[in-house]
Amino acid sequence: MRKEKTAILGIGLGAIALVLHRYLPSSIMEGWYGNGFFRVARIVLDYTFGLLPIPGTYLLIVLLLFFLGRKLVVGKFSEWRLGKSLLRLVGCLGWIVFAFYVLWGFNYGRASVTDRLSWSKEKLDKATLVAMAETHLAALSELRADLPIEDYFGETAHWQENIRRDAYPLARKLGYKVPGRHLRAREWKPVGLLLRWGTAGFYNPLTGECNIDGGLHDLQKPYVIAHEYFHGLGVTGEGDCNFLAYILCHNSSDPFIRYSGELGFWRYLRSAMYRNSPPAFSEVIKKSLPAIEADIKAIDIQMDKFPDIAPRMRDKVYDTYLKSNKIEEGMASYGTVVGMVLNWKRNGEKL
């Protein structure tokens, strides 16, 4: 009976969390949650899971498998009757939903990065897109020409230290005032486990850790780490995290981090240009350095090692998840970074 009461409590708390997420205004979420409870949660997670030598997500998976295995091996058959099993399963999901929103998910109810900026926001037409691509490619070429990128490979710990140092002041400028001395990006093994599901990384609200796939090319890692760090600091929008990750990399004192960010943004920019004007895309690409094209090819070859599993179903599920959490663009939000960077540059590269 105690287990059934726990399940019912989990269902109730999960439902309450969903109602609060749906109806509480952003001002309340910003005050009592973003500048209140989330700060406390961040500290607790930093000094527990953040201090572990292994990804905390691994520990949660092991504990879950142990719990299920114990039930299957030593549990009484009567405890696994259909009704009770379904109740406990739903109750478990309720507890997870409750923990997700309490530890991080209520950040979805706060104002987005776009709403925090006082810029004039202009639309991105074809001519502007092409001009932006040419300017960015010229800067990218200049950066790449003097960069022996292979000398920087394998320095994940160094990248993390620099990115962590730069992420907090940038986030604080926009009102994300949370601590995070031990916020870490963990590399997942076996490699490709995340990439096969179409994601380079994710933030786990239950452990407070950023996670990236160990199969990523080193050229991608700094930009992806920066993206996940901003999730860890309370930024929810995928386009918002792409944008802040780009600014962090763009302003970094580390030339490899800077190049990773510029190259990551270039891949978004060239995709947008190809979709809008294939002829213009072909003309601009002709001006690209062979070294840059070789870097992009190396990334593509690395990604091809891990083909997607059920991409249509995955995209539909994730798109629905984002839209249900007030990210109206869904998966298309990733690409909004192009327009955000355009307006950032037009406003003097100031936040």
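A: Let's start with the vocabulary: a helix is a DSSP run of H or I at least four residues long, a strand is a run of E of at least two, and both are numbered from the N terminus. Keep in mind, too, that this is a predicted model.

Q: Okay, so how many helices and strands are there in the protein?
A: You'll find 14 helices and 3 strands. One of those helices is α7, which covers residues 156-173 and holds L170. R165 sits in α7 as well.

Q: Is L170 buried or exposed?
A: The cut-off for buried is under 20% relative accessible area. L170 comes out at 9%, so it counts as buried. R165 in helix α7 has a relative accessible area of 45%, so that residue is partly exposed.

Q: And what does L170 touch?
A: Leaving out residues up to four places away in sequence, L170 touches F230, L244, I247, L248 and L351. Take L351: along the chain, L170 and L351 are 181 residues apart, yet their C-alpha atoms are 8.9 Å apart in space. For R165, try R181: the two are 16 residues apart in sequence, with 9.0 Å between their C-alpha atoms.

Q: Zooming out, what share of contacts comes from residues 24 or more positions apart?
A: Among contacts with a separation of 6 or more, such pairs account for 77%. As for burial across the protein, 46% of the 351 residues count as buried. The accessible surface comes to about 17700 Å², and carbon and sulfur atoms own 64% of that area.

Q: Which residues have the most contacts inside the largest nonpolar core?
A: Think of a core as buried nonpolar residues joined through their side-chain atoms. The largest one here has 78 residues, and V113, F230, F243, Y259, L263 and W266 have the most contacts inside it. The element that gives the most to this core is α10, with 9 residues.

Q: Let me pick F230; what does it touch?
A: Setting aside residues up to four places away in sequence, F230 touches A167, L170, A171, V235, C241, L244, A245 and L248. So you meet L170 again, whose own list includes F230, L244 and L248.

Q: Which residues make a nonpolar patch on the surface?
A: L86, L89, L93 and I96 make one of about 370 Å². Look at L93, which lies in helix α4. With 48% relative accessibility, L93 counts as partly exposed.

Q: F230 touches C241, which gets me thinking about cysteines. How many disulfides does the structure hold?
A: The general idea is that a disulfide is a covalent bond between the sulfur atoms of two cysteines. The count here is 0.

Q: Why is there no bond between C210 and C241?
A: For a disulfide, the two sulfur atoms have to be within 2.5 Å. The sulfur of C210 has its closest cysteine sulfur in C241, but the gap is 9.3 Å, so they are too far apart for a bond. Start from C241 and you land on C210 at that distance, 9.3 Å. C210 is buried, at 0% relative accessible area, and C241 counts as buried too, at 0%.

Q: Now charges. How many salt bridges are there?
A: In general, side chains of opposite charge can pair when their charged atoms come close. The count in this model is 13 salt bridges. A good one to open up is E30 with R110, at 2.9 Å from N to O. This pair links distant parts of the chain: E30 is in helix α2 (residues 26-46), while R110 is in the loop between α4 (82-103) and α5 (113-116), 80 residues apart. Both E30 and R110 are buried. There's a network here as well, with E30, R110 and R116 linked by salt bridges.

Q: What about E293 and R270, how far apart are the closest N and O atoms?
A: They are 3.3 Å apart, and the two residues form a salt bridge. E293 is in helix α12 (residues 290-304) and R270 in helix α10 (residues 255-276), 23 residues apart, so this pair also links distant parts of the chain. E293 is partly exposed at 24%, whereas R270 counts as buried at 15%.

Q: And which of E283 and K286 counts as exposed?
A: K286 does, at 64% relative accessibility, whereas E283 is partly exposed at 46%. Their side chains meet in a salt bridge of 3.2 Å, N to O.

How values were computed
Residues numbered from 1 in each chain as written. Predicted model: local features only at pLDDT ≥ 70, side-chain atom pairs only at ≥ 80, totals over all residues. Heavy atoms only, no water. Buried < 20%, exposed > 50% of the residue type's maximum accessible area, 1.4 Å probe, protein only. Salt bridge = Lys/Arg side-chain N within 4 Å of Asp/Glu carboxyl O. Core = buried A, V, L, I, M, F, W, Y, C linked by side-chain atoms within 4.5 Å. Contact = heavy atoms within 4.5 Å. Patch = residues over 30% accessible without salt bridge, like charges linked within 9 Å, V, L, I, M, F, W, Y side chains within 5 Å. Areas by Shrake-Rupley, 256 points an atom, 1.4 Å probe, with all protein chains shown as cover.
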